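Here are some exercises to work through, each with its solution. Have a go at each one before reading on.

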Amino acid sequence: MPHQLTGFTPTLMQKYLRNELIKYALVMVLVLMMFFIFSSTGIYEQLIQQPISSLFARSSALLLNLFGYDSWAEDMNIHCGDAVVSISKGCDAIAPIFLSALAIALFPKVRMRNKIKGILFVVLVLAILNLVRILSLVFSQLYYPEIFDFLHIEFWQFIFLVSSGALFIHWLIRNTNYDSTKVQL
Amino acid sequence: MIQPKFSYRSIITFLLGLTISYFLFIPGIKFTKIKWLAIESINGILNQKLDHFFADTYLYLHTADQQPRQIVVGMYQLKLSPILLDSKYDTQLNLLNEKNILSQSKVSGEKLPVQNQKIQLSNWDLWLLPSILVFCLSIAVPILFIKRILLFLFSLLFLQIINLLRFLTILIIQINQSENLSPVSLSLWQNKLISYSTLFHGIESIYLITLVSWIFCLWIFLKANQLLSKK
(Lines give C-alpha, C1' and ligand atoms only; values in the text may rest on other atoms or scores of the structure.)
Protein backbone atom coordinates (compact mmCIF):
# COMPACT_ATOMS: atom_id res chain seq x y z
CA MET A 1 0.00 0.00 0.00
CA PRO A 2 1.49 3.44 -0.95
CA HIS A 3 2.53 5.76 1.87
CA GLN A 4 -0.09 8.47 2.65
CA LEU A 5 2.27 11.44 2.22
CA THR A 6 4.97 10.26 -0.16
CA GLY A 7 2.96 7.89 -2.37
CA PHE A 8 5.93 5.53 -2.06
CA THR A 9 5.11 1.81 -2.02
CA PRO A 10 7.36 -0.09 0.41
CA THR A 11 9.15 -3.19 -0.82
CA LEU A 12 8.64 -6.50 0.97
CA MET A 13 11.98 -6.03 2.78
CA GLN A 14 11.07 -2.51 3.94
CA LYS A 15 7.69 -3.79 5.12
CA TYR A 16 9.32 -6.47 7.24
CA LEU A 17 12.01 -4.18 8.62
CA ARG A 18 9.24 -1.91 9.92
CA ASN A 19 7.77 -4.84 11.85
CA GLU A 20 8.77 -4.50 15.50
CA LEU A 21 9.13 -8.21 16.12
CA ILE A 22 11.42 -8.63 13.11
CA LYS A 23 13.54 -5.72 14.35
CA TYR A 24 13.55 -7.37 17.78
CA ALA A 25 14.75 -10.70 16.35
CA LEU A 26 17.50 -9.04 14.30
CA VAL A 27 18.78 -7.03 17.29
CA MET A 28 18.68 -10.20 19.43
CA VAL A 29 20.85 -12.10 16.92
CA LEU A 30 23.29 -9.18 16.63
CA VAL A 31 23.67 -8.74 20.40
CA LEU A 32 24.07 -12.50 20.85
CA MET A 33 26.88 -12.54 18.28
CA MET A 34 28.54 -9.64 20.07
CA PHE A 35 28.19 -11.51 23.35
CA PHE A 36 29.93 -14.57 21.89
CA ILE A 37 32.75 -12.38 20.56
CA PHE A 38 33.08 -10.63 23.94
CA SER A 39 33.04 -14.01 25.72
CA SER A 40 36.28 -14.94 23.94
CA THR A 41 38.18 -12.05 25.48
CA GLY A 42 40.39 -12.08 28.55
CA ILE A 43 38.35 -9.28 30.15
CA TYR A 44 35.21 -11.46 30.04
CA GLU A 45 37.07 -14.42 31.55
CA GLN A 46 38.63 -12.36 34.33
CA LEU A 47 35.69 -10.16 35.24
CA ILE A 48 32.66 -12.32 34.48
CA GLN A 49 33.29 -16.00 33.83
CA GLN A 50 35.82 -16.80 36.56
CA PRO A 51 34.02 -14.96 39.42
CA ILE A 52 30.66 -16.52 38.47
CA SER A 53 32.15 -20.01 38.12
CA SER A 54 33.92 -19.65 41.48
CA LEU A 55 30.65 -18.51 43.08
CA PHE A 56 28.87 -21.58 41.70
CA ALA A 57 31.74 -23.80 42.90
CA ARG A 58 31.60 -22.34 46.44
CA SER A 59 27.79 -22.55 46.60
CA SER A 60 27.81 -26.16 45.37
CA ALA A 61 30.48 -27.16 47.92
CA LEU A 62 28.43 -25.50 50.67
CA LEU A 63 25.30 -27.40 49.61
CA LEU A 64 27.22 -30.68 49.46
CA ASN A 65 28.49 -30.04 52.99
CA LEU A 66 24.91 -29.43 54.13
CA PHE A 67 23.97 -32.84 52.65
CA GLY A 68 26.76 -34.40 54.71
CA TYR A 69 29.37 -34.75 51.95
CA ASP A 70 32.89 -33.61 52.76
CA SER A 71 33.61 -31.17 49.95
CA TRP A 72 35.45 -27.95 49.22
CA ALA A 73 35.86 -25.46 46.42
CA GLU A 74 39.18 -24.46 44.94
CA ASP A 75 38.90 -21.70 42.32
CA MET A 76 36.44 -23.11 39.79
CA ASN A 77 36.77 -26.74 40.98
CA ILE A 78 34.64 -28.69 43.41
CA HIS A 79 36.26 -31.55 45.30
CA CYS A 80 34.00 -34.18 46.82
CA GLY A 81 35.53 -37.53 47.78
CA ASP A 82 37.12 -38.96 44.64
CA ALA A 83 35.15 -36.61 42.41
CA VAL A 84 36.53 -33.35 41.03
CA VAL A 85 34.16 -31.28 38.90
CA SER A 86 35.47 -28.20 37.13
CA ILE A 87 33.05 -25.43 36.19
CA SER A 88 34.61 -24.36 32.97
CA LYS A 89 33.34 -22.03 30.26
CA GLY A 90 29.98 -23.27 28.96
CA CYS A 91 29.08 -24.98 32.26
CA ASP A 92 28.52 -21.70 34.07
CA ALA A 93 25.01 -21.08 32.68
CA ILE A 94 26.02 -17.54 31.69
CA ALA A 95 24.94 -17.96 28.06
CA PRO A 96 21.36 -19.24 28.75
CA ILE A 97 20.91 -16.64 31.53
CA PHE A 98 22.14 -13.89 29.23
CA LEU A 99 19.96 -15.14 26.37
CA SER A 100 16.76 -15.19 28.46
CA ALA A 101 17.51 -11.85 30.13
CA LEU A 102 18.28 -10.29 26.75
CA ALA A 103 15.07 -11.67 25.22
CA ILE A 104 13.10 -10.01 28.04
CA ALA A 105 15.09 -6.76 28.11
CA LEU A 106 14.76 -6.10 24.38
CA PHE A 107 11.12 -7.12 24.00
CA PRO A 108 9.20 -4.08 22.74
CA LYS A 109 6.25 -2.32 24.38
CA VAL A 110 6.47 -3.87 27.85
CA ARG A 111 6.85 -1.73 31.00
CA MET A 112 10.38 -1.52 32.41
CA ARG A 113 9.18 -2.68 35.85
CA ASN A 114 7.80 -5.90 34.35
CA LYS A 115 11.03 -6.44 32.43
CA ILE A 116 13.17 -6.07 35.58
CA LYS A 117 10.90 -8.46 37.50
CA GLY A 118 11.10 -10.94 34.63
CA ILE A 119 14.90 -10.74 34.40
CA LEU A 120 15.34 -11.24 38.16
CA PHE A 121 13.00 -14.24 38.09
CA VAL A 122 14.79 -15.84 35.12
CA VAL A 123 18.26 -15.26 36.63
CA LEU A 124 17.15 -16.79 39.93
CA VAL A 125 15.50 -19.88 38.39
CA LEU A 126 18.38 -20.59 35.98
CA ALA A 127 21.00 -20.07 38.70
CA ILE A 128 19.18 -22.58 40.95
CA LEU A 129 18.91 -24.97 37.99
CA ASN A 130 22.66 -24.61 37.42
CA LEU A 131 23.34 -25.54 41.05
CA VAL A 132 21.18 -28.65 40.54
CA ARG A 133 23.16 -29.39 37.37
CA ILE A 134 26.51 -29.10 39.16
CA LEU A 135 25.34 -31.27 42.07
CA SER A 136 23.98 -33.90 39.67
CA LEU A 137 27.34 -33.96 37.87
CA VAL A 138 29.23 -34.37 41.17
CA PHE A 139 26.92 -37.24 42.20
CA SER A 140 27.23 -38.79 38.76
CA GLN A 141 31.01 -38.72 39.00
CA LEU A 142 30.80 -40.30 42.47
CA TYR A 143 28.24 -43.02 41.75
CA TYR A 144 27.60 -43.33 37.98
CA PRO A 145 30.68 -42.07 36.08
CA GLU A 146 29.51 -43.90 32.95
CA ILE A 147 26.60 -41.49 32.47
CA PHE A 148 28.62 -38.33 33.21
CA ASP A 149 29.17 -37.35 29.55
CA PHE A 150 25.51 -37.88 28.67
CA LEU A 151 24.34 -35.84 31.67
CA HIS A 152 26.89 -33.12 31.02
CA ILE A 153 26.10 -32.64 27.35
CA GLU A 154 22.89 -34.12 25.98
CA PHE A 155 20.82 -33.91 29.17
CA TRP A 156 21.71 -30.58 30.77
CA GLN A 157 22.32 -28.57 27.60
CA PHE A 158 18.83 -29.54 26.43
CA ILE A 159 17.24 -28.83 29.83
CA PHE A 160 18.82 -25.37 29.90
CA LEU A 161 17.73 -24.59 26.35
CA VAL A 162 14.14 -25.68 27.01
CA SER A 163 14.02 -23.97 30.43
CA SER A 164 15.30 -20.68 29.04
CA GLY A 165 12.73 -20.78 26.24
CA ALA A 166 9.89 -21.83 28.58
CA LEU A 167 10.72 -19.09 31.11
CA PHE A 168 10.76 -16.45 28.40
CA ILE A 169 7.45 -17.62 26.91
CA HIS A 170 5.89 -17.73 30.41
CA TRP A 171 6.99 -14.12 30.95
CA LEU A 172 5.74 -13.18 27.48
CA ILE A 173 2.26 -14.62 28.01
CA ARG A 174 1.96 -12.92 31.41
CA ASN A 175 3.16 -9.55 30.20
CA THR A 176 1.46 -9.24 26.83
CA ASN A 177 -2.22 -9.44 25.94
CA TYR A 178 -2.75 -12.83 24.37
CA ASP A 179 -5.10 -12.68 21.41
CA SER A 180 -5.05 -15.65 19.08
CA THR A 181 -6.87 -13.74 16.33
CA LYS A 182 -4.03 -11.25 15.91
CA VAL A 183 -0.87 -12.35 14.20
CA GLN A 184 2.02 -9.92 14.27
CA LEU A 185 4.73 -11.53 12.19
CA MET B 1 0.93 -3.96 23.17
CA ILE B 2 2.19 -6.80 20.99
CA GLN B 3 0.03 -9.90 20.92
CA PRO B 4 2.06 -13.05 20.29
CA LYS B 5 0.12 -16.12 19.17
CA PHE B 6 0.87 -18.31 22.19
CA SER B 7 -1.21 -20.10 24.76
CA TYR B 8 -0.08 -22.14 27.75
CA ARG B 9 -1.85 -25.23 26.41
CA SER B 10 -0.10 -25.24 23.03
CA ILE B 11 3.28 -24.41 24.59
CA ILE B 12 3.02 -27.17 27.20
CA THR B 13 1.96 -29.68 24.50
CA PHE B 14 4.94 -28.62 22.38
CA LEU B 15 7.45 -28.78 25.26
CA LEU B 16 6.17 -32.18 26.41
CA GLY B 17 6.33 -33.58 22.87
CA LEU B 18 9.82 -32.16 22.41
CA THR B 19 11.17 -33.47 25.72
CA ILE B 20 9.67 -36.97 25.33
CA SER B 21 10.86 -37.37 21.73
CA TYR B 22 14.33 -35.95 22.57
CA PHE B 23 14.89 -38.37 25.47
CA LEU B 24 13.60 -41.26 23.36
CA PHE B 25 15.69 -40.59 20.29
CA ILE B 26 18.96 -39.29 21.76
CA PRO B 27 19.79 -42.29 24.01
CA GLY B 28 18.07 -44.61 21.49
CA ILE B 29 20.58 -43.57 18.86
CA LYS B 30 23.65 -42.61 20.90
CA PHE B 31 23.91 -45.86 22.85
CA THR B 32 23.11 -48.25 20.01
CA LYS B 33 24.65 -49.35 16.71
CA ILE B 34 22.50 -46.77 14.91
CA LYS B 35 24.99 -44.06 15.92
CA TRP B 36 27.92 -45.87 14.31
CA LEU B 37 25.90 -46.70 11.17
CA ALA B 38 24.92 -43.02 10.86
CA ILE B 39 28.47 -41.80 11.48
CA GLU B 40 29.87 -44.24 8.93
CA SER B 41 27.28 -42.98 6.38
CA ILE B 42 28.10 -39.32 7.12
CA ASN B 43 31.83 -40.02 6.82
CA GLY B 44 31.22 -41.94 3.57
CA ILE B 45 29.33 -39.01 2.04
CA LEU B 46 31.91 -36.45 3.20
CA ASN B 47 34.80 -38.61 1.95
CA GLN B 48 33.10 -38.93 -1.43
CA LYS B 49 32.22 -35.26 -1.83
CA LEU B 50 35.08 -33.46 -0.10
CA ASP B 51 38.14 -35.71 -0.61
CA HIS B 52 39.56 -33.31 -3.21
CA PHE B 53 37.84 -30.14 -2.03
CA PHE B 54 41.18 -28.54 -1.21
CA ALA B 55 43.70 -28.36 -4.07
CA ASP B 56 46.72 -30.06 -2.50
CA THR B 57 45.14 -31.81 0.47
CA TYR B 58 43.46 -35.21 0.45
CA LEU B 59 40.78 -35.59 3.10
CA TYR B 60 39.70 -38.84 4.71
CA LEU B 61 37.37 -39.29 7.69
CA HIS B 62 38.07 -42.53 9.50
CA THR B 63 35.26 -43.81 11.72
CA ALA B 64 36.58 -44.92 15.13
CA ASP B 65 34.90 -48.34 14.91
CA GLN B 66 38.15 -50.30 15.23
CA GLN B 67 38.07 -51.30 11.55
CA PRO B 68 41.08 -50.86 9.24
CA ARG B 69 40.56 -48.82 6.08
CA GLN B 70 42.31 -48.44 2.75
CA ILE B 71 42.52 -45.26 0.74
CA VAL B 72 43.79 -44.57 -2.75
CA VAL B 73 45.79 -41.40 -3.39
CA GLY B 74 46.94 -41.23 -6.99
CA MET B 75 48.67 -44.53 -7.74
CA TYR B 76 49.28 -45.35 -4.09
CA GLN B 77 47.17 -47.50 -1.82
CA LEU B 78 47.52 -46.46 1.80
CA LYS B 79 46.50 -48.61 4.74
CA LEU B 80 44.94 -47.01 7.81
CA SER B 81 45.14 -49.02 11.03
CA PRO B 82 42.03 -49.45 13.22
CA ILE B 83 41.55 -46.62 15.67
CA LEU B 84 40.04 -46.37 19.11
CA LEU B 85 39.47 -42.83 20.37
CA ASP B 86 38.42 -41.20 23.62
CA SER B 87 34.64 -41.63 24.13
CA LYS B 88 34.08 -37.95 23.30
CA TYR B 89 35.23 -38.51 19.71
CA ASP B 90 34.01 -40.85 17.01
CA THR B 91 36.05 -39.93 13.94
CA GLN B 92 39.65 -39.31 13.03
CA LEU B 93 40.12 -36.67 10.38
CA ASN B 94 43.13 -37.42 8.19
CA LEU B 95 44.49 -34.61 6.07
CA LEU B 96 47.23 -35.77 3.72
CA ASN B 97 49.59 -33.67 1.66
CA GLU B 98 48.55 -35.02 -1.75
CA LYS B 99 51.01 -32.91 -3.71
CA ASN B 100 53.87 -34.34 -1.69
CA ILE B 101 52.61 -37.93 -2.07
CA LEU B 102 52.18 -37.65 -5.83
CA SER B 103 55.63 -36.10 -6.27
CA GLN B 104 57.37 -39.12 -4.75
CA SER B 105 58.63 -42.14 -6.64
CA LYS B 106 58.23 -45.15 -4.43
CA VAL B 107 60.52 -48.14 -4.72
CA SER B 108 58.52 -51.36 -4.15
CA GLY B 109 58.76 -52.63 -0.59
CA GLU B 110 59.68 -49.22 0.77
CA LYS B 111 57.35 -47.38 3.11
CA LEU B 112 55.96 -44.20 1.61
CA PRO B 113 56.69 -41.16 3.81
CA VAL B 114 53.40 -39.28 4.14
CA GLN B 115 53.04 -35.71 5.42
CA ASN B 116 49.76 -35.53 7.23
CA GLN B 117 47.67 -34.04 10.01
CA LYS B 118 45.38 -36.11 12.24
CA ILE B 119 42.56 -34.59 14.29
CA GLN B 120 39.96 -36.16 16.55
CA LEU B 121 36.40 -35.14 15.72
CA SER B 122 32.93 -35.72 17.09
CA ASN B 123 30.57 -36.12 14.16
CA TRP B 124 27.88 -36.88 16.70
CA ASP B 125 28.10 -33.29 17.99
CA LEU B 126 28.66 -31.76 14.57
CA TRP B 127 26.00 -33.52 12.48
CA LEU B 128 23.85 -36.06 14.31
CA LEU B 129 22.88 -34.25 17.52
CA PRO B 130 21.64 -31.07 15.74
CA SER B 131 19.74 -33.17 13.19
CA ILE B 132 17.98 -35.18 15.92
CA LEU B 133 17.17 -31.98 17.81
CA VAL B 134 15.63 -30.45 14.68
CA PHE B 135 13.62 -33.63 14.13
CA CYS B 136 12.28 -33.56 17.71
CA LEU B 137 11.45 -29.84 17.47
CA SER B 138 9.64 -30.34 14.15
CA ILE B 139 7.53 -33.32 15.18
CA ALA B 140 6.51 -31.61 18.43
CA VAL B 141 4.88 -28.64 16.65
CA PRO B 142 1.08 -29.01 16.84
CA ILE B 143 0.38 -28.92 13.08
CA LEU B 144 -0.68 -31.52 10.47
CA PHE B 145 1.65 -34.54 10.26
CA ILE B 146 2.62 -33.89 6.64
CA LYS B 147 3.47 -30.28 7.54
CA ARG B 148 5.69 -31.48 10.40
CA ILE B 149 7.61 -33.69 7.97
CA LEU B 150 7.96 -30.82 5.47
CA LEU B 151 9.11 -28.50 8.26
CA PHE B 152 11.67 -31.10 9.36
CA LEU B 153 13.04 -31.54 5.84
CA PHE B 154 13.24 -27.79 5.27
CA SER B 155 14.94 -27.05 8.60
CA LEU B 156 17.25 -30.06 8.21
CA LEU B 157 18.42 -28.77 4.84
CA PHE B 158 19.03 -25.30 6.27
CA LEU B 159 20.88 -26.73 9.26
CA GLN B 160 23.06 -28.98 7.09
CA ILE B 161 24.24 -25.89 5.18
CA ILE B 162 25.26 -24.28 8.50
CA ASN B 163 26.91 -27.53 9.64
CA LEU B 164 28.79 -27.81 6.36
CA LEU B 165 30.08 -24.25 6.75
CA ARG B 166 31.12 -25.04 10.33
CA PHE B 167 32.91 -28.21 9.14
CA LEU B 168 34.71 -26.35 6.35
CA THR B 169 35.97 -23.72 8.79
CA ILE B 170 37.37 -26.52 11.00
CA LEU B 171 39.14 -28.00 7.96
CA ILE B 172 40.60 -24.65 6.86
CA ILE B 173 41.85 -23.86 10.37
CA GLN B 174 43.50 -27.28 10.68
CA ILE B 175 45.10 -27.09 7.23
CA ASN B 176 46.44 -23.60 7.83
CA GLN B 177 47.79 -24.50 11.27
CA SER B 178 49.61 -27.58 10.02
CA GLU B 179 53.24 -27.38 8.94
CA ASN B 180 52.82 -30.48 6.77
CA LEU B 181 50.05 -29.20 4.49
CA SER B 182 49.79 -26.54 1.80
CA PRO B 183 47.85 -23.65 3.34
CA VAL B 184 44.55 -22.41 1.90
CA SER B 185 45.05 -18.84 0.71
CA LEU B 186 42.57 -16.45 2.29
CA SER B 187 42.09 -12.71 2.32
CA LEU B 188 42.45 -10.81 5.60
CA TRP B 189 38.70 -10.54 6.24
CA GLN B 190 38.16 -14.21 5.35
CA ASN B 191 40.84 -15.13 7.89
CA LYS B 192 39.17 -12.96 10.54
CA LEU B 193 35.74 -14.39 9.77
CA ILE B 194 37.05 -17.95 10.09
CA SER B 195 38.85 -17.22 13.35
CA TYR B 196 35.64 -15.68 14.76
CA SER B 197 33.62 -18.68 13.63
CA THR B 198 35.51 -20.84 16.15
CA LEU B 199 33.53 -19.04 18.87
CA PHE B 200 30.49 -20.97 17.66
CA HIS B 201 32.10 -24.44 17.75
CA GLY B 202 31.31 -25.21 21.40
CA ILE B 203 28.49 -27.55 22.41
CA GLU B 204 26.47 -24.69 23.92
CA SER B 205 26.63 -22.83 20.59
CA ILE B 206 25.68 -25.96 18.65
CA TYR B 207 22.43 -26.24 20.66
CA LEU B 208 21.75 -22.51 20.45
CA ILE B 209 22.43 -22.20 16.71
CA THR B 210 20.28 -25.27 16.03
CA LEU B 211 17.38 -23.75 17.97
CA VAL B 212 17.72 -20.29 16.38
CA SER B 213 17.99 -21.82 12.87
CA TRP B 214 14.93 -23.96 13.51
CA ILE B 215 12.89 -20.99 14.78
CA PHE B 216 13.88 -19.07 11.64
CA CYS B 217 12.82 -22.02 9.42
CA LEU B 218 9.56 -22.39 11.36
CA TRP B 219 8.77 -18.71 10.82
CA ILE B 220 9.47 -18.95 7.06
CA PHE B 221 7.47 -22.19 6.85
CA LEU B 222 4.43 -20.73 8.67
CA LYS B 223 4.65 -17.52 6.62
CA ALA B 224 4.76 -19.51 3.37
CA ASN B 225 1.77 -21.58 4.51
CA GLN B 226 -0.13 -18.40 5.33
CA LEU B 227 0.60 -16.91 1.89
CA LEU B 228 -0.35 -20.15 0.12
CA SER B 229 -3.63 -20.49 2.02
CA LYS B 230 -4.55 -16.87 1.11
CA LYS B 231 -4.16 -17.71 -2.58
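**Exercise 1.** Work out how the span of helix H4 (residues 94–106) of chain A compares with the expected one, and how covered the helix is.

Step 1: this is a predicted model, where local features need pLDDT of at least 70, side-chain atom pairs count only at pLDDT 80 or more, and totals for chains, interfaces and linings use all residues. Residues are numbered from 1 along each chain as its sequence is written, with chains lettered from A and ligands numbered from 1 in the order in which they are written.

Step 2: H4(A) has 13 residues and spans 18 Å from first C-alpha to last, close to the expected 18 Å (1.5 Å times one less than the number of residues). Helices are DSSP runs of H or I, at least four residues, and strands are runs of E, at least two, numbered from the N terminus.

Step 3: 10 of the 13 residues are buried (20 or more other C-beta atoms within 10 Å of their own, C-beta atoms being placed from the backbone). Among them are A:Ile94, A:Phe98 and A:Ile104.

**Exercise 2.** Find the strand order in the open three-stranded sheet of chain B, and say which strands stand at the edges.

Step 1: the order is S1-S4-S5, with antiparallel pairing (strands pair if DSSP finds at least two bridges between them).

Step 2: S1 (57–63) and S5 (116–121) of chain B are the edge strands, each with a single partner, so one side of each lacks a neighbour in the sheet.

Step 3: six bridges join S4 (residues 91–97) of chain B to S5(B), and B:Asn94 has B:Lys118 as its bridge partner in S5(B).

Key: A residue is buried if 20 or more other C-beta atoms lie within 10 Å of its own, exposed if 12 or fewer, and partly exposed in between; C-beta atoms are placed from the backbone.
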